[in-house]
Amino acid sequence: MPTHTSSPLPATVARMLLVMVACLLPMVGHAGSATFSTTNIQYLYGTQYELGDGTRSIVTIEHANAWKYGDTFLFVDITNADRDGELTGTGHYAEISPRLSLGKITGTSLSFGPVKDLLIATTAELPSSPAFRRYLYGVGVDLTVPAFRFVQLNWYLRNSTQPGLDTGQQVTLAWSLPIKIAALSFSFEGFADYAWGEDPNEDNLLTAPRLLLDVGALFGAAGQLQMGVEHQIWRNKFGIKDVDEDVTQAMVKWIW
């Protein structure tokens, strides 16, 4: 059976794209202030995780912004594993996903049908171990979907620093939908990643939809404090065949 190796060219291209975007991001201060910026901290707790200890608490810091030439999303997860009430380990995982808007850079409207804009999309996946980092690069579209705050669809090539893996592909969908029921305001939001082609890893699907109640609105602080649930579904977790995860997590989200 032949040994699979990742091509060095995609890795180089991925790093070049990420460096290019990182260099352009400081232009925000000179090209105008961000048109949108939000940061939040989350606490999640679940008890049915696969691989390792089944009970975990996670603190997540998220930030998203839009600026003159694109947008950026990043998060850091700090995970505490628990066994019979005892802390058994702490780990971290981070992602940064800068995108450059082709429409904004060229000053030309690229909208057609439900498509609002076309973008260069990149992501760096940064787990605790550098040996398992991935660099993703491709194209994205922002979509106009009635009632949704946003819908984004990105297609990537996936290049891993882990030896022995083919360069794969990934499609990522992200969304946010406000829901109003009587005096209560909810947010249905989340993402779905489908990755394939990283032989010998299995194709895998990860999605984590959330339903959150705007608790802050009940106390005169709308949009600042949300509570609810996130349900994580992961098929072939980490590309391991038949390792499937279904975890409902209690969630608190503080936004500023």
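A residue counts as buried when its relative accessible area is under 20%. With that cut-off in hand, welcome to a short tour of this predicted model.

**Figure 1. N204 is a buried residue of strand 10.** N204 sits in strand 10, which covers residues 204-207. Its relative accessibility is 13%, so N204 is classed as buried. Looking beyond residues up to four places away in sequence, we find N204 touching D193, Y194 and A195. On the list of its contacts there are also W234, R235, N236 and G239.

**Figure 2. The whole chain has three helices and 13 strands.** Before the next close-ups, here is the setting. Of the 256 residues in the chain, 40% are buried. Among contacts with a separation of 6 or more, 50% join residues 24 or more positions apart. The chain exposes about 13,400 Å², and 65% of that area comes from carbon and sulfur atoms.

**Figure 3. W196 belongs to strand 9 and is partly exposed.** Strand 9 spans residues 184-196, and W196 is part of it. Is W196 buried or partly exposed? Its relative accessibility is 26%, so W196 counts as partly exposed. Leaving aside residues up to four places away in sequence, W196 touches W155, G168, Q169, Q170, V171 and D203. For a distance to check on screen, try W196 and T167: they are 29 residues apart along the chain, with their C-alpha atoms separated by 9.2 Å.

**Figure 4. I179 is a partly exposed residue of strand 8.** Strand 8 runs over residues 168-181 and includes I179. The relative accessible area of I179 is 30%, which is why I179 is called partly exposed. Setting aside residues up to four places away in sequence, its contacts are L184, S185, F186 and F188. Another pair to look at is I179 and L211, 32 residues apart in sequence and 9.6 Å apart from C-alpha to C-alpha.

**Figure 5. A nonpolar patch lies on the surface.** Which residues form the patch? They are I179, I181, L184, F188, L211, L218, F219 and V229, and together they have about 710 Å² of accessible area. Strand 8 and strand 9 each contribute at least two residues to the nonpolar patch. One patch member, F219, is found in the loop between strand 11 and strand 12. F219 has a relative accessible area of 68%, so F219 is exposed.

**Figure 6. V215 is a buried residue in the loop between strand 11 and strand 12.** The loop holding V215 links strand 11 (210-214) to strand 12 (225-235). V215 has 12% relative accessibility and therefore counts as buried. Apart from residues up to four places away in sequence, V215 touches L225, Q226 and M227. V215 and G228 are 13 residues apart in sequence, and their C-alpha atoms are 9.4 Å apart in space.

**Figure 7. The average pLDDT of the chain is 87.** A score of at least 70 is reached by 84% of the residues. Over residues 1-17 the pLDDT is below 50, and this stretch has 25 contacts in the model beyond near neighbours in sequence. Residues 19-32 also have a pLDDT below 50, with 16 contacts in the model beyond near neighbours in sequence. Where pLDDT is low, please do not read the predicted coordinates in detail.

Note on methods:
Residues are numbered from 1 along each chain as its sequence is written. This is a predicted model: local features need pLDDT of at least 70, side-chain atom pairs count only at pLDDT 80 or more; totals for chains, interfaces and linings use all residues. Side-chain values use heavy atoms; hydrogens and water are left out. Helices (H or I, at least four residues) and strands (E, at least two) are DSSP runs, numbered from the N terminus. Buried means under 20% relative accessible area, exposed over 50%, partly exposed in between (1.4 Å probe, protein chains only). Contact means heavy atoms within 4.5 Å. Accessible areas come from the Shrake-Rupley method with a 1.4 Å probe; for residues, only the protein chains shown count as cover. pLDDT is the predictor's confidence in each residue, from 0 to 100. Patches are made of residues with over 30% relative accessible area and no salt bridge: like charges are joined within 9 Å, nonpolar side chains (Val, Leu, Ile, Met, Phe, Trp, Tyr) within 5 Å. A salt bridge is a side-chain nitrogen of Lys or Arg within 4 Å of a carboxyl oxygen of Asp or Glu.
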